[in-house]
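Reader: I am new to this structure and should like to understand the terms applied to it. May I ask about them in turn?

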Amino acid sequence: AMLEDVPQGYPEAVHVLNGLPQDLLADLANDVIDFLTYKCGAIPIQAFFQRLKGVNDSTFEQTQSAAQALTFVFREAMAKGASAEELVNALRTAGASVWTSQSIKVISYVWGERAADAVSVQKALNVLSIGQLVSFKWKLAVAVRSSTAKTLNRAYVAVEMVVADASSVETPYAFELSIPEFQNFAKQLREMSNVLELSS
């Protein structure tokens with residue numbers, strides 16, 4: 001079910017959202033969906049906070065938490081492929097009953113307008129997902145002998161890694177690399193690290 005495991009501070013953030021005028025709540029909801037569908041690189045919290053001055057006495061941190069609460073709501077809706085009606089039901093029930101009917105109406109309207117696009121983006125991400133590296137362990141070993149050779153004395157690197165797919169299912173992988181293969185792999189990792197350092 002949606003919105004059952006709400007993050008810490010969620011009720012307080014929803015209280016801030018409930019205090020927003022409808023047009024500002026709708027704008028923030030659209031900004032959050034733009035962010036989640038990769039139409040913008042970040043939610044413009046600072047600009048939104050400036051718009052709130054004089055309308056609401058929320059701090060910048062409270063405004064940021066409110067945007068995070070909406071991000072949580074819409075990310076859940078995207079992941080579940082929820083309709084506007086399913087989202088409304090989730091907002092009214094388990095762990096999320098802190099929403100006012102006015103806020104639910106605004107969120108439902110925005111989601112109703114944007115759901116098809118948002119869900120299609122999520123489906124594309126699921127198709128394109130190559131997984132997330134959960135753990136990577138390696139150890140240097142020496143093969144002393146095999147079924148075909150009595151004395152081998154060959155060094156190798158044994159690698160164990162776990163990768164989580166888009167639905168968080170973890171799959172373990174194990175393989176061996178010769179020393180030259182491992183050195184090439186390590187060299188490529190150093191090159192990637194250098195590129196990342198230069199780009200940040």
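The following exchange takes up several descriptions and the reasons for them.

Author: Please bear in mind throughout that this is a predicted model.

Reader: Why is Phe49 called buried?

Author: Buried means under 20% relative accessible area. Phe49 has 14% relative accessibility, so Phe49 counts as buried.

Reader: Is Phe60 called buried or partly exposed, and why?

Author: The partly exposed class lies between 20% and 50%. Phe60 has 25% relative accessibility and therefore counts as partly exposed.

Reader: What makes Phe49 and Phe60 an aromatic pair, and why is the pair called edge-to-face?

Author: Rings pair if their centres lie within 6.5 Å, and planes over 60 degrees apart count as edge-to-face. For Phe49 and Phe60 the centres are 5.6 Å apart and the planes stand at 90 degrees, so both conditions are met. Phe49 belongs to helix 3 and Phe60 to helix 4, so the pair ties together parts 11 residues apart in sequence.

Reader: Why is the pair of Phe136 and Phe185 called stacked?

Author: Planes under 30 degrees apart count as stacked. The angle here is 25 degrees, with 6.0 Å centre to centre, so Phe136 and Phe185 form a stacked pair. Phe136 lies in strand 1 and Phe185 in helix 7 (residues 179-199), 49 residues apart. Phe136 is partly exposed at 32%, and Phe185 is partly exposed at 30%. Ring pairs also join Phe136, Trp138, Phe182 and Phe185 into a cluster.

Reader: How do you know that the span of helix 4 is close to the expected one?

Author: The expected span is 1.5 Å times one less than the number of residues. Helix 4 (residues 60-80) has 21 residues, for which 30 Å is expected, and its first and last C-alpha atoms are 30 Å apart. Gly81, with a positive phi near 65 degrees, follows helix 4.

Reader: Which element gives the most to the largest nonpolar core?

Author: Helix 4 does, with nine residues. This core has 43 residues, of which Leu70, Phe74, Trp99 and Trp111 touch the most other members. Buried residues of helix 4 include Leu70 and Phe74. Among the contacts of Phe74 are Val32, Leu87 and Trp111.

Reader: What makes strand 1 (132-143) and strand 3 (170-178) edge strands?

Author: The open sheet has three strands in the order 1-2-3, with antiparallel pairing. Strand 1 and strand 3 each pair on one side only. Strand 2 (residues 154-164) pairs with strand 3 over nine bridges, and one bridge joins Ala158 to Glu176 in strand 3.

Terms used:
Residues are numbered from 1 along each chain as its sequence is written. This is a predicted model: local features need pLDDT of at least 70, side-chain atom pairs count only at pLDDT 80 or more; totals for chains, interfaces and linings use all residues. Side-chain values use heavy atoms; hydrogens and water are left out. Two strands pair if DSSP finds at least two bridges between them. Helices (H or I, at least four residues) and strands (E, at least two) are DSSP runs, numbered from the N terminus. Buried means under 20% relative accessible area, exposed over 50%, partly exposed in between (1.4 Å probe, protein chains only). A nonpolar core is a set of buried Ala, Val, Leu, Ile, Met, Phe, Trp, Tyr and Cys residues joined through side-chain atoms within 4.5 Å. Contact means heavy atoms within 4.5 Å. Lists of a residue's contacts leave out its neighbours within four places in sequence.
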